[in-house]
Amino acid sequence: MFFQDVKQGPPDPMYHLKVAADQDTNINKVDLGVGVYRNEKGQYHELGVLKAYEITTGSPEFLQKASQVIFGKDSEFLNNGQIASVQTISGTGAIHIGALFLRNSVPNLNKSIYVGTPTWGNYVPMFNLLGLEVQTYNYYDKETGEVEFASLLAAVRTAPKGSTFVLQACCNNPTASELTEQQWRTLAEEMTSRGHLPFFDIAYQGLGRGLDEDAYGVRHFASLGSEMIVAQSFAKNLGLYGERVGALHVVASTKEAAAAVKDQLRCMIRWEFSSSPAYGSRLVDLILSDPESQAKWHVELREIRERLERNRQKLFHQLANVHKHEQTPGNWHIIKRGQGLFSLLPLTPTQCEALKRDYHIYVAPNGRMNISGLRESNINYVAQSIDTVVR
Ligand code: PMP
């Protein structure tokens with residue numbers, strides 16, 4: 001267990017002053033503490049429907065709904081108060097605060113953090129920035145387009161007890177390939193028996209198989225009673241890119257431990273960015289509070305998934321048919337595999353450069369293509385251009 005011995009953070013006089021003032025019901029109360037502008041009625045000054053002040057860790061309604069999206073409405077952890085949730089500056093902010101918390105507040109954790117490659121380019125610099133030591137293993141089999149599960153298991157088996165493993169819960173960036181449900185179960189068993197800590201990153205929930213299906217790994221670890229960290233983003237699945245709305249959830253083994261963890265997270269947020277932006281979280285809260293909006297969200301996500309899947313199939317078929325009898329050379333069947341926004345095409349950096357230079361087609365230098373950028377009007381052009389640069 002990692003979070004059992006987390007101590008409460010040092011007191012923040014302003015925070016405690018505010019809590020005390022809010023709770024004081026005396027008729028003579030005059031709150032001259034917290035530094036927000038109040039109007040003549042003594043109220044926070046509101047602009048339109050927006051309240052102008054948000055508590056440090058984010059609105060409880062938003063956090064409750066956000067955690068239900070990941071853990072499910074009936075989550076035992078959630079109902080037991082074992083999850084410390086805070087609002088963060090989108091998914092990136094959640095990963096940062098999560099890593100900061102591990103480094104600063106979890107004394108018995110091994111400081112190595114394991115990341116499967118190829119992966120999202122931000123993990124290594126973000127963890128290095130905090131002085132955490134990143135260990136890598138090979139996550140992806142280029143030939144089959146599947147997860148190289150044996151390498152992941154080998155890393156789990158050789159890592160020192162109490163190591164952290166960063167796991168993208170769904171729609172892997174950049175490989176698009178993810179664990180099967182059976183593999184999640186095996187991984188959870190191997191990790192929990194070695195006392196490793198899962199650090200889930202879930203930035204594309206709902207873009208893969210479905211909102212619940214994409215949380216399978218998280219929920220399975222939870223069902224085993226595993227402590228964990230989950231970094232959640234609403235950037236992609238609600239199109240809230242600029243609003244920077246996300247959450248960090250730390251699942252502890254008791255309600256008391258979760259309360260201390262939450263207090264640590266409150267301190268870190270206070271020291272790093274003071275308080276969470278209110279606007280985006282309010283939009284999420286509104287949508288998740290209204291059954292009609294929620295149903296609409298589910299429909300829209302399904303349409304997005306279906307379009308991504310159609311684009312995968314179309315690009316594959318175009319590549320197979322550029323020349324009637326001769327397929328474009330390369331291992332293109334991997335395009336049809338996998339979930340989410342991306343596909344890791346078997347293109348060299350030089351070929352990616354040629355696509356850009358000669359055809360104005362932009363894919364990341366590692367061959368990662370955003371599948372949603374393909375359209376009826378450009379898919380044939382993209383296939384033709386790929387065919388030319390790989391020959
Ligand atoms: N994790 C992964 C794997 C991502 O691809 C991204 C976005 N590129 C993030 C986390 C963070 O997303 P954001 O900060 O925009 O919510």
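Trainee: Which helix gives the most to the shell around the ligand in this predicted model?

Mentor: Helix H4, spanning residues 90-105, gives the most, with 3 residues. Among the residues surrounding the ligand are Ser 90, Gly 91 and Thr 92, and the model is a predicted one.

Trainee: What else surrounds the ligand?

Mentor: The list also includes Trp 120, Gln 168, Asn 173, Asp 201, Ala 203, Ser 233, Ala 235 and Gly 246.

Trainee: How do the residues of that shell divide into nonpolar, polar and charged?

Mentor: There are 3 nonpolar, 7 polar and 1 charged. Gly counts as polar and Asp as charged.

Trainee: Let's turn to the sheet. What makes E1 and E3 edge strands?

Mentor: Strand E1 (83-89) and strand E3 (133-138) each pair on one side only. The order is E1-E9-E8-E7-E6-E2-E3, an open sheet of 7 strands with mixed pairing. From one strand to the next, the twist averages 20°.

Trainee: How do you know that E1 pairs with E9?

Mentor: Pairing takes at least two bridges between two strands. E1 and strand E9 (residues 245-251) are joined by 7 bridges, so they count as paired; the two run antiparallel. Within this pair, Thr 88 stands opposite Gly 246 in E9, and Gly 246 is also one of the residues surrounding the ligand.

Trainee: Which helices pack on the sheet?

Mentor: Helix H6 (residues 149-158) does, touching strand E2 (112-117), E3 and strand E6 (164-168). The direction of H6 makes about 145° with that of E3. Helix H8 (residues 216-223) packs on the sheet too, touching E6, strand E7 (197-202), strand E8 (228-233) and E9. For H8, the angle with the direction of E7 is about 150°.

Trainee: Why is Arg 270 called partly exposed?

Mentor: Buried would need 20 or more other C-beta atoms within 10 Å, and exposed would need 12 or fewer. Arg 270 has 16, so it is partly exposed. This residue lies in helix H9 (residues 255-272).

Trainee: What does Arg 270 touch, leaving aside residues up to four places away in sequence?

Mentor: Arg 270 touches Asp 12 and Thr 56. Thr 56 is 214 residues from Arg 270 in sequence, yet their C-alpha atoms are 6.6 Å apart.

Trainee: And how confident is the predictor? What are the average pLDDT, the ipTM and the pTM?

Mentor: The protein averages a pLDDT of 91, and 94% of the residues score at least 70. Over residues 49-54, however, the pLDDT is below 50, although that stretch has 16 contacts in the model beyond near neighbours in sequence. Where pLDDT is low, the predicted coordinates should not be read in detail. For the complex, the predictor gives an ipTM of 0.99 and a pTM of 0.90.

How values were computed:
Residues are numbered from 1 along each chain as its sequence is written. This is a predicted model: local features need pLDDT of at least 70, side-chain atom pairs count only at pLDDT 80 or more; totals for chains, interfaces and linings use all residues. A residue is near a molecule or strand if its C-beta atom, placed from the backbone, lies within 6 Å of it. Helices (H or I, at least four residues) and strands (E, at least two) are DSSP runs, numbered from the N terminus. Two residues are in contact if their C-beta atoms, placed from the backbone, lie within 7 Å. pLDDT is the predictor's confidence in each residue, from 0 to 100. Axes are lines fitted to C-alpha atoms, for helices over the stretch in contact, and angles run from 0 to 180 degrees between N-to-C directions.
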